[in-house]
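This report describes selected features of one protein model. It proceeds from strand pairing to the principal pocket, and then to aromatic contacts and individual loop residues.

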Amino acid sequence: MEVDSSGKGFEIKNSNIPILLVLKRIDELKPHEETVATDLRGIVNTLQRDPILRHPVVADSATGAVLDGNHRLAALSELGCYTIPTALIDYQNPMVKVDRWFRLITGENLDDFVKRSKDNQGHSVTSFSEADLSLLSRSSYASLWNKMEWFTFTTSGTDAVEAFQKSYRIEEIARNNHLKIAYTDTEDLTALPKSSFMMSTIRVEKSEVVESCLNHRLFPPKSTRHLIPSRPLGLSVPLEWLKNTNHAEAESAFVRHIRSKHVKRLPEGSMVGSRRYLEEVFLFD
């Protein structure tokens, strides 16, 4: 495998997209989504018990926008770290895509939930296609549906952050009524459980992600699903190094550490731990 290392980082050249592994100052990176308090606390607690950061965050090399790893970034900041291992990529590369998560909401049937959400202006439509077209045009900010019915929630604005803030309020209604929410990358209804339904949201553009970062106007959690064709894993960097305020010294230690590892290139669909990765993986052992 062709790699290039220097005092400024470690480059993987023969991946689907170029990747530069560097130690970035935390204040140079910009999250685009809010964190979930319970998820953040879980990561902080794990890192306190075992102070090793396993995987780098992924960020845009041009703007510092964090595309994957907002919770890890926040956790390291809370733990007093100065730097964070980062995989820099070109966000504008057409192979990097931004998609959405579907919400599977379980514990109540669709009709009853729509009545509960009546203040959010839900309107019945005739098909999933009609509902999705309204999201594409941003005449609606969310849709709820099962195998038989479809509802959209209309809006007069097209601002992406505002649309997701409204759809997140629907999620909060579900949580406040003890319904379960799971996130999935498919709208497939073949295994839809009883007393459950799906929720769709608008699709966010890359320019809107960057704008949210630069303006410090964050999306709610799980607003975006970034599809990155190559992913480095297993760097396993001690937090002690990340708390070193001497950036040059910490970066030098980081590069030596990465160079000492054996890198395995795994094809798309490989299992790493308990997770299957749809993208190719560069595993540092």
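Strand 16 and strand 21 (residues 280–284) run parallel and are joined by 4 bridges. Within this pairing, Arg231 has Val281 of strand 21 as its bridge partner. The model in which these strands are found is a predicted one. In a regular strand, side chains alternate between the two faces of the sheet. In strand 16, Ser230 and Pro232 point one way, Arg231 and Leu233 point the other way, and all are buried.

Strand 7 is paired with two other strands. With strand 3 (residues 19–25) the pairing is antiparallel and comprises 6 bridges; here Lys24 stands opposite Ile84 of strand 7. With strand 5 (residues 57–60) the pairing is parallel and comprises 4 bridges, and the bridge partner of Asp60 in strand 7 is Ile89. How many residues of strand 7 are buried? The count is 7 of the 7, so strand 7 is largely enclosed by the rest of the structure. Both of its faces are covered: Thr83, Pro85, Ala87 and Ile89 are buried on one side, and Ile84, Thr86 and Leu88 are buried on the other.

**The largest pocket**

Rolling a probe the size of a water molecule over the atoms shows where empty space is left. The largest pocket holds about 1,400 Å³ of space. Its lining consists of 44 residues, and those nearest the centre of the pocket are Asp68, Arg72, Trp101, Lys222 and Arg275. By class, the lining comprises 20 nonpolar, 8 polar and 16 charged residues.

Several elements each supply at least two residues of this lining, among them helix 2 (70–78), helix 5 (160–176), strand 6 (66–68) and strand 20 (275–276). Strand 16 (230–233), described above for its pairing, also belongs to this group. Helix 1 gives the most to the lining, with 4 residues.

Two of the residues nearest the pocket centre are also in contact with each other: Lys222 lies over the face of Trp101, at 4.3 Å from the ring centre. Lys222 is placed in the loop between helix 6 and strand 15. Its relative accessibility is 33%, so Lys222 counts as partly exposed, within the range from 20% to 50%.

**Aromatic contacts**

A search of the whole structure finds 6 aromatic pairs. Two of them are compared in the table.

| Pair | Centre-to-centre distance | Angle between planes | Geometry |
|---|---|---|---|
| Phe113 and Phe197 | 5.1 Å | 40° | tilted |
| Tyr141 and Phe153 | 6.1 Å | 35° | tilted |

The pair of Phe113 and Phe197 links distant parts of the chain, with Phe113 in helix 3 (residues 110–116) and Phe197 in strand 14 (residues 196–201), 84 residues apart. Both Phe113 and Phe197 are buried. The pair of Tyr141 and Phe153 joins strand 11 (residues 140–145) to strand 12 (residues 150–154), the two residues being 12 apart. Tyr141 and Phe153 are likewise buried.

In addition, Phe102, Phe128 and Trp145 form one aromatic cluster. A further charge-over-ring contact involves Lys206, whose charged end sits over the ring of Tyr91, 5.3 Å from its centre.

**Backbone conformation and loop residues**

Most residues other than glycine have a negative phi. His216 has a positive phi of about 55° although it is not a glycine, and Lys222 also has a positive value, near 60°. His216, like Lys222, lies in the loop between helix 6 (206–214) and strand 15. Is His216 buried or exposed? With a relative accessible area of 65%, His216 is exposed, because the value is over 50%.

Two further loop residues fall under the 20% limit. Cys81 is placed in the loop between helix 2 and strand 7 (83–89), and its relative accessibility of 9% means that it counts as buried. The C-alpha atoms of Cys81 and Leu239 are 7.2 Å apart in space, while 158 residues separate the two in sequence. Thr155 occupies the loop between strand 12 and helix 5; with a relative accessible area of 18%, Thr155 is buried. The C-alpha atoms of Thr155 and Val98 are separated by 23 Å, with their positions 57 residues apart along the chain.

Conventions:
Residues are numbered from 1 along each chain as its sequence is written. This is a predicted model: local features need pLDDT of at least 70, side-chain atom pairs count only at pLDDT 80 or more; totals for chains, interfaces and linings use all residues. Side-chain values use heavy atoms; hydrogens and water are left out. On a 1 Å grid over the protein atoms alone, a cavity is a set of points where a 1.4 Å probe fits but cannot get out, and a pocket is an open set with protein on both sides within 12 Å along at least five of seven lines; lining residues have an atom within 4 Å of a point. Grid points are joined across faces, edges and corners, and a volume is the space filled by probe spheres set on the points. Ala, Val, Leu, Ile, Met, Phe, Trp, Tyr, Cys and Pro count as nonpolar, Asp, Glu, Lys and Arg as charged, and the others, Gly among them, as polar. Rings of Phe, Tyr and Trp (its six-membered ring) pair if their centres lie within 6.5 Å; planes under 30 degrees apart count as stacked, over 60 as edge-to-face and the rest as tilted. Buried means under 20% relative accessible area, exposed over 50%, partly exposed in between (1.4 Å probe, protein chains only). A charge sits over a ring if NZ of Lys or CZ of Arg is within 6 Å of the ring centre and within 35 degrees of the ring normal. Two strands pair if DSSP finds at least two bridges between them.
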